[in-house]
Amino acid sequence: MSLRIACLLAVLMSAPAAAREAKLDYGRDIRPILAENCFHCHGADAGQRQAELRLDVREVAVEKGAISPGKIDESSLVERIHSSDPDEKMPPPDSKRQLTAEQIETLTRWIAEGAEYKPHWAFQPVSRPEPPQVARRDWGHNDIDRFVLAKLEQNRLAPSPRAPMPVLLRRIALDVI
């Protein structure tokens with residue numbers, strides 16, 4: 001297991017600083033990997049489920065020892081995705097599914113970070129984000145403009161001047177037709 005930890009540290013140290021700082025997001029980074037490679041045998045379908053293990057339910061995955069949040073040495077998922085033994089390897093070779101090296105490191109890092117699950121974004125309560133602080137407070141009329149201006153400032157760009165009324169009317173006419 002110490003070799004896996006050394007590999008994980010090497011990958012994390014070689015990653016750009018921004019990528020290292022950003023915590024993995026279950027819905028964006030992890031769920032697609034699990035859905036593509038693992039949920040077929042370890043998902044919601046009881047008829048297809050193997051080893052009575054559900055990786056889509058955190059409590060079951062932790063209870064079965066597949067995931068030990070923050071402890072990659074104790075997580076059987078990490079052990080099995082790194083294994084070269086065809087009897088232990090996950091996903092199994094006969095499933096025609098295969099994890100890339102990047103996906104394996106992402107799953108390992110996720111478990112090291114605490115293996116946080118989140119419900120699908122559609123089931124999370126909506127919250128109004130705080131508009132970002134911008135340098136040019138005179139530009140824009142509403143909070144949406146502040147988000148746009150913040151992105152422009154981040155990319156060191158300036159907003160274009162407001163188009164004259166005939167140009168705006170022409171754009172509207174073209175949009176309508």
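**Entry 1: overall fold.** I began by listing the secondary structure of this predicted model, and I found nine helices and zero strands in the chain. Reading from the N terminus, I noted the order of elements as α-α-α-α-α-α-α-α-α. I then looked at burial across the chain, and 27% of its 177 residues count as buried. The surface that the chain exposes comes to about 12,600 Å², of which carbon and sulfur atoms supply 55%. For contacts in the chain between residues at least 6 apart in sequence, I recorded that 45% join residues at least 24 apart.

**Entry 2: helix α7.** Next I turned to α7, which covers residues 101–112, and asked how far apart its end C-alpha atoms are. At 1.5 Å a residue, the 12 residues of this helix should span 16 Å, and the end C-alpha atoms are indeed 16 Å apart, so the expected span and the computed distance agree. I also checked how much of α7 is covered, and nine of its 12 residues turned out to be buried. The buried residues in α7 are Gln103, Ile104, Glu105, Thr106, Leu107, Thr108, Arg109, Trp110 and Ile111, a list that holds charged residues such as Glu105 and Arg109. Following the chain past α7, I came to Gly114, where phi is positive, near 115°.

**Entry 3: Asp29.** I then looked up Asp29, which lies in helix α3, residues 26–37. Is Asp29 buried or exposed? Its relative accessible area is 18%, and because the cut-off for buried is under 20%, I entered Asp29 as buried. The side chain of Asp29 makes a polar contact with the side chain of Arg28, at 2.7 Å. Setting aside the neighbours within four places in sequence, I found Asp29 in contact with Leu24 and Thr106. Thr106 had already come up in Entry 2, as one of the buried residues of α7, so this contact links α3 with α7 through Asp29 and Thr106.

**Entry 4: the largest pocket.** Last, I went through the largest pocket, which holds about 400 Å³ of space. Which residues lie nearest its centre? Of the 20 residues that line the largest pocket, I noted His42, Leu53, Leu55, Arg80 and Met90 as those nearest the centre. Looking at which helices contribute, I found that α4 (39–42) and α6 (76–82) each supply at least two residues of the lining. The largest share of that lining, four residues, comes from α6.

Note on methods:
Residues are numbered from 1 along each chain as its sequence is written. This is a predicted model: local features need pLDDT of at least 70, side-chain atom pairs count only at pLDDT 80 or more; totals for chains, interfaces and linings use all residues. Side-chain values use heavy atoms; hydrogens and water are left out. The expected span of a helix is 1.5 Å times one less than its number of residues. Buried means under 20% relative accessible area, exposed over 50%, partly exposed in between (1.4 Å probe, protein chains only). A polar contact is a pair of N or O atoms within 3.5 Å; within protein, one must be able to donate a hydrogen and the other to accept it, and residues adjacent in sequence count only if both atoms are side-chain atoms. Contact means heavy atoms within 4.5 Å. Accessible areas come from the Shrake-Rupley method with a 1.4 Å probe; for residues, only the protein chains shown count as cover. On a 1 Å grid over the protein atoms alone, a cavity is a set of points where a 1.4 Å probe fits but cannot get out, and a pocket is an open set with protein on both sides within 12 Å along at least five of seven lines; lining residues have an atom within 4 Å of a point. Grid points are joined across faces, edges and corners, and a volume is the space filled by probe spheres set on the points.
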